[in-house]
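Student: I would like to learn how to read a structure feature by feature. Where do we start?

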Amino acid sequence: MSLWRWIALDLKRLFRGRALILATLITPLVGLMVFASVVAPMLLEEKRIIIPYAICNEDSSEPVRQFVRLLTNAESLKSLTAVYPVKDMQTGYELLASGNVSLLVHVPADFYTDISTGGNPAMYIIASEAHSFEQSIVRITVDSLLSIVGQSQNVLQRFAGEAIDAGADEAAANDWIGGQMSGGIEEYMHRRAALSQGGILSAYSEYFPVQYYLCALFSIFAALAMLPALYLSSADMGGPVVKRGLLASRPAASKYYLGRLISGAALILLALALLIPIGAVTEEADALLANMADTVWLALAPALILTALSFSALALFLGALINRPRLALWCGFFIVLTMAALSGALVAEGALPALLAEIGRWTPLKSAMSLLANSLFSLDSARYAQDTLRLAAMFIALALAGYKLVLRKGAAL
Amino acid sequence: MLIGHGLTKRYGDRYALRNAAIELSSGSALMLLGRNGSGKTTLLNILALAMRADSGTVQIDELSGRAAREAIGFVPQEIALFEELSVEENLRVWCTLPRAAAKERLDALLERLDLYSMRKKLLRRLSGGQKRRVNLAVALMGCPRYLLLDEPFVGADEDSEGRMLELLAGYRDSGLGLIIVSHQPRTLRTIADRAMVLERGETTFYGAAEDYFAALEDREL
């Protein structure tokens, strides 16, 4: 039988398990609709959840004033917040007590001094328990921005220190730092990309977590869509395919492997093809149109294909390794959950211990998340290339390992 | 001739098969008997080239490689088919013949095994007896020279058993060599001309079927 006929038969085998296929395709849609229902009413009714907050800046230094401007214009908060600058904390507390604002952000007088002297700069976000969600949103953004400002400060101080050691005037060097900080913050305000370690999109970046968790959902459901192929492969390895010697010759085993890899990837692609249009409507309509430039589509197609192939190779590898179908299915499910946890899909990556976060970076799910996020919402070529190479390397490793296992299964005389 | 010589297979410390020797010529039928765990299925799997022996050789008519594999039709005890495919699709999967020849062979087999009317049915919709016939048909698709059957009558009623025996006798008479594993030697009395008995991997009887049945009757008396 030709390879194409074999692929066609394998697709029939996979898609005839109707219950499993429906569960694979429909469950993600249900999950996505539940997720999207938080945002969808906002879009349909053209209402916005606005978080009013007051900000009291007691630090009169120019860099801090720039920083406060950065905070009030942060990408993740711009469309969600209404800012009320207040002269003093008393006014802020009154607004809080009256319910006119949900939060009060306090920047103390010695904030910049603490930054410059390497102290522990602290900002305060005051809210009642009822507004803890809004507090989290603002806190996430502030944490990220403080990190950026702190890192920039360290770099500039290092350069200034080198200049002073080389004989430059100390006062001039300090003025230079101040000027650079202002300029840097100004420059940064016009950048889209966050400089967080998680890449373009992370729960701690400038972006509101909707895009981040949307891509996490896509990737998790793509990974779950590998389970039917995993089950079938495991059943084959312990069943007719081996018993009847279908894998006994290398060409036959290669045909089997390739057929299953492609049919498994087809199912995963189908799941993604259903998810992505539905997920995309959670983006604001005008922003969606503006973002759907040609380059996004050119980036998205290879991202989807590589994601599907990688998870299909993982399914084949596990299926060839574990020859009891039910056990293989459960192992596959828990592996997906583990990858999700380590990749920052369930818990923000910044909250994970460094070792676990590093392990997570080398799972197919993490690279798939990042690739999809780049392709769908914000294309950073360097990051895209890095993630593509990483996912491709994982795909090759899994494909080779799975293929070897399949060949070993079929070896007779 | 299908010849197995000095075949040994171990699982850890346990010998599943020890130094077994077997010969089967075209147009003859050998019944392979023994209790559970005696090594019958292991021997059959090795002869079918579905398993590698730890030592010993299997020779199939001076053939080697793919040709040797294609000369053997193996009917495993379990229904080793794809439940998600139809009868016809299952037969096509395992067929190594060219397309035109495969179609002709397929139609002939389906007719002979009384499966033609259900060729488009998914395998999971068939009864146990019907699945067994498809199991047999798959082994016959490639026009094998030797047919190895592992407990083909398990779960079959008297009628099905009779029909299966008739079919197998017909194939033997047309030149196919048969090795049939069974727990019920009397069922095979009409078809087998040689017998081999295994016990804990060792051969305890190897000879003419009539001699075996005579010894069996003597023991019973």
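Tutor: We start with a definition: a residue is buried if 20 or more other C-beta atoms lie within 10 Å of its own, exposed if 12 or fewer, and partly exposed in between. Keep in mind that this is a predicted model.

Student: Which residues of α15(A) are buried?

Tutor: In α15(A) the buried residues are A:Ala328, A:Leu329, A:Gly332, A:Val336, A:Met339, A:Ala340 and A:Leu342.

Student: Why do the buried residues of α15(A) line one face of the helix?

Tutor: The general idea comes first. An α-helix has 3.6 residues a turn, so residues three or four places apart point the same way. Now the case here. Looking down the axis of α15(A), the buried residues fall within an arc of 165°, so they line one face of the helix.

Student: Which exposed residues does the face turned away from the buried side of α15(A) carry?

Tutor: That face of α15(A) carries A:Arg326, A:Leu327 and A:Phe334 as exposed residues.

Student: What span should helix α15 of chain A have, and how far apart are its end C-alpha atoms?

Tutor: Helix α15 of chain A covers residues 325-342, which is 18 residues. At 1.5 Å a residue they should span 26 Å, and the end C-alpha atoms are 25 Å apart, which agrees. The expected span is 1.5 Å times one less than the number of residues.

Student: Where else can I try that sum?

Tutor: Try helix α18 of chain A, residues 381-410. Its 30 residues should span 44 Å at 1.5 Å a residue, and its end C-alpha atoms are 43 Å apart, which agrees. The buried residues of α18(A) include A:Tyr384, A:Asp387, A:Leu391 and A:Met394.

Student: What follows α15(A), and what is the sign of its phi?

Tutor: A:Gly344 follows α15(A), and its phi is positive, near 90°. As a general point, most residues other than glycine have a negative phi, and most peptide bonds are trans.

Student: Which residue in strand β2 of chain B has a positive phi although it is not a glycine?

Tutor: B:Asn19 does, with a phi of about 55°. This residue lies in strand β2 of chain B, residues 14-24. B:Asn19 has 14 other C-beta atoms within 10 Å, so it is partly exposed.

Student: Where is B:Arg200 found?

Tutor: B:Arg200 is in the loop between β8 (194-199) and β9 (202-208) of chain B. Its phi is near 50°, a positive value in a residue other than glycine. With 15 other C-beta atoms within 10 Å, B:Arg200 is partly exposed.

Student: In what sense do β8(B) and β9(B) pair, and over how many bridges?

Tutor: β8(B) and β9(B) pair in the antiparallel sense over six bridges. They form a hairpin with two residues between them, and B:Arg200 is in the turn. To follow the pairing on the model, look for B:Ala195, which stands opposite B:Gly207 in β9(B).

Student: How do I read distance in sequence against distance in space?

Tutor: Take B:Gly129, which is found in helix α5 (residues 128-140) of chain B. B:Gly129 and B:Ala156 are 27 residues apart in sequence, and their C-alpha atoms are 6.4 Å apart in space. Leaving aside neighbours within four places in sequence, B:Gly129 is in contact with B:Ala156 and B:Ser160. B:Gly129 counts as partly exposed, with 15 C-beta neighbours inside 10 Å.

Student: What about B:Gln130 in helix α5 of chain B?

Tutor: B:Gln130 and B:Met118 are 12 residues apart in sequence and 9.3 Å apart in space, C-alpha to C-alpha. B:Gln130 has 18 other C-beta atoms within 10 Å, so it is partly exposed.

Student: How many helices and strands does each chain have?

Tutor: Chain A has 18 helices and four strands, while chain B has seven helices and nine strands. Buried residues make up 42% of the 413 residues in chain A and 41% of the 221 residues in chain B.

Student: How many residues of chain A are in contact with chain B?

Tutor: There are 15 residues of chain A in contact with 16 residues of chain B. On the side of chain A that touches chain B, α1 (3-15) and α11 (240-243) each supply at least two residues. The largest share, three residues, comes from α1(A). By class, that side of chain A has six nonpolar, four polar and five charged residues.

Terms used. Residues numbered from 1 in each chain as written. Chains lettered and ligands numbered in written order. Predicted model: local features only at pLDDT ≥ 70, side-chain atom pairs only at ≥ 80, totals over all residues. Contact = placed C-beta atoms within 7 Å. Nonpolar A, V, L, I, M, F, W, Y, C, P; charged D, E, K, R; others polar. Arc of directions from axis to C-beta. Pairing = 2+ DSSP bridges.
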